[in-house]
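User: Please take a close look at one part of this model, starting from a single strand pairing. Then work outward and tell me how the surroundings are put together.

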Amino acid sequence: MSEFEKPPLDILLSAPRGFCAGVDRAIQIVELALKKFGAPVYVRHEIVHNRYVVDSLRDKGAVFVEELDEIPDDGQPVVFSAHGVPKSVPEAARTRQMFFLDATCPLVSKVHKEAQIHFKRAREIVLIGHAGHPEVIGTMGQLPPGSVSLIETVADAEAFQPRDPASLAYITQTTLSVDDTAAIVKVLMDRFPAITAPHKEDICYATTNRQDAVKRIAASVDAMIVVGAPNSSNSQRLREVAEREGCPVSVLIQRAGDIDWTMLGAIRRVGVTAGASAPEVLVEEVIDAFAARYRVKVEVVQTAEETIAFNLPRELRPAAA
């Protein structure tokens with residue numbers, strides 16, 4: 001098919017999209033550890049939720065494990081993922097005298113600290129989040145069992161019965177839907193006016209910015225393509241946001257090869273975004289796949305500028321080399 005025979009297609013490219021500062025830092029930690037200490041560098045769980053990223057790091061010498069007992073006592077570094085880990089994990093690493101590097105996103109660490117402060121002040125803690133997500137497991141694991149109650153839905157918030165409504169606080173997972181979380185918080189605030197809220201919103205800037213960017217274009221496109229992993233919370237939320245904003249077709253894909261062209265039908269405008277763990281190369285791959293079938297015109301729709309960067313662990317900073 002010649003270029004002139006292809007049907008026209010406008011691609012609205014969300015910005016911001018893709019890697020956030022926490023993900024970028026986590027990947028750098030693994031890459032710099034490999035460069036400084038050599039392979040293997042062990043990583044407990046996926047460093048971030050993206051198969052392409054994990055496979056790329058594996059090819060460079062990273063070894064991904066589920067638990068520390070899979071790691072031999074060979075003195076090589078172990079990296080904890082960006083999602084954070086329960087306190088028991090670094091404690092176990094110290095017991096075995098492992099050299100570990102913590103790639104927990106600083107914004108997740110902020111939530112951990114909030115939980116610890118509430119606990120010290122004898123407050124009952126509510127965590128708004130998704131059961132089984134590594135970040136939730138890590139946050140709840142900062143405190144003794146039973147210290148944190150998990151609330152996933154508005155219905156959970158309506159049914160929740162605290163021990164003492166006058167001594168209650170809430171924290172949230174950093175990658176939630178802004179709108180869904182606001183609805184849950186409203187129920188908690190209405191039922192328990194004395195509840196202590198975070199000093200600063202727990203949902204991270206990158207999650208909020210990517211959802212805002214999708215909201216800007218979702219109602220004006222025939223389909224929204226979200227590049228990300230199925231186990232990535234922030235990527236799933238982007239798909240849901242587009243759907244809620246009125247986009248007729250909203251799909252989450254890992255690679256361009258996952259696109260179901262029959263589902264898209266006779267589209268004229270498509271939105272493209274990427275979750276915070278998805279590299280830009282996969283977005284480019286998707287645009288190339290559309291360009292092979294359509295005469296594309298790409299327009300970037302920018303809703304925010306992101307300039308945040310996080311410090312690397314001291315052991316990996318240039319001065320420590």
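Analyst: In this predicted model, strand β1, residues 8–15, pairs with β12 in the parallel sense, over eight bridges. One of the partnerships is easy to find: serine 14 has valine 301 of β12 as its bridge partner.

Step back to the whole sheet. Five strands make up an open sheet in the order β10-β9-β11-β1-β12, and their pairing is parallel. Which strands stand at the edges? They are β10 (249–253) and β12 (295–302). Each has a single partner strand, so one side of each is left without a neighbour in the sheet. From one strand to the next, the twist averages 20°.

Two helices that pack on the sheet come next. Helix α8, residues 205–218, touches β1, β9 (223–227), β11 (269–274) and β12. The direction of α8 makes about 150° with that of β1. Helix α9, residues 233–244, also packs on the sheet, with contacts to β9, β10 and β11. The direction of α9 makes about 170° with that of β10.

Helix α9 holds a residue worth a stop: asparagine 234. Is asparagine 234 buried or exposed? Its relative accessible area is 8%, under the 20% cut-off, so asparagine 234 is buried. Beyond its sequence neighbours up to four places away, asparagine 234 touches Thr175, Thr207, Gly275, Ala276 and Ser277. With alanine 276 there is a polar approach: a polar atom of the asparagine 234 side chain lies 2.7 Å from the backbone nitrogen of alanine 276. Aspartate 164 is a remote reference point, 70 residues from asparagine 234 in sequence and 33 Å away in space, C-alpha to C-alpha.

Now the charged pairs. Side chains of opposite charge can pair when their charged atoms come close. The count here comes to 15 salt bridges. One of them joins glutamate 306 to arginine 210, with the closest N and O atoms 2.8 Å apart. This pair links distant parts of the chain: arginine 210 sits in helix α8, glutamate 306 in the segment after β12, and 96 residues separate them. Arginine 210 is buried, at 1% relative accessible area. Glutamate 306 is partly exposed, at 25%.

A network follows. Lys110, Glu114 and Asp202 are joined into one by salt bridges that share partners. Within it, glutamate 114 and lysine 110 meet at 3.0 Å, N to O. Both lie in helix α4 (residues 106–120); because they are four residues apart, about one helical turn separates them. Glutamate 114 counts as buried at 13% relative accessibility, whereas lysine 110 is partly exposed at 24%.

Where does aspartate 202 lie? Its place is the loop between α7 (178–191) and α8. Aspartate 202 is buried, with a relative accessible area of 2%. A polar contact of 2.7 Å joins its side chain to that of lysine 110. A polar atom of the aspartate 202 side chain also lies 2.9 Å from the backbone nitrogen of threonine 172. Outside its close sequence neighbours, up to four places away, aspartate 202 touches Lys110, Val111, Glu114, Ile171, Thr172 and Thr174.

Another salt bridge brings in β2. The side chains of glutamate 67 and arginine 44 meet at 3.1 Å, N to O. Arginine 44 lies in strand β2 (residues 41–44) and glutamate 67 in the loop between β3 (62–65) and β4 (78–80), so the pair ties together parts that are 23 residues apart in sequence. Arginine 44 is buried, at 7% relative accessible area; glutamate 67 is partly exposed, at 36%.

Last, the nonpolar packing. In soluble globular proteins, nonpolar side chains tend to be buried together. The largest nonpolar core has 28 residues, and Val30, Ile47, Val48, Leu57 and Val79 touch the most other members. Two or more residues come from each of α1 (21–37), β2, α2 (51–60), β3 and α8. Helix α1 gives the most, eight residues. Valine 30 is in contact with Val43, Ile47, Leu57, Ala62 and Val79, leaving aside neighbours within four places in sequence. Apart from this core lies another, of 24 residues, including Leu9, Val227, Ala274 and Phe290.

Terms used. Residues numbered from 1 in each chain as written. Predicted model: local features only at pLDDT ≥ 70, side-chain atom pairs only at ≥ 80, totals over all residues. Heavy atoms only, no water. Pairing = 2+ DSSP bridges. Axes fitted to C-alpha atoms, helices over the stretch in contact; angles between N-to-C directions. Contact = heavy atoms within 4.5 Å. Buried < 20%, exposed > 50% of the residue type's maximum accessible area, 1.4 Å probe, protein only. Polar contact = N/O pair within 3.5 Å; in protein donor to acceptor, adjacent residues only side chain to side chain. Salt bridge = Lys/Arg side-chain N within 4 Å of Asp/Glu carboxyl O. Core = buried A, V, L, I, M, F, W, Y, C linked by side-chain atoms within 4.5 Å.
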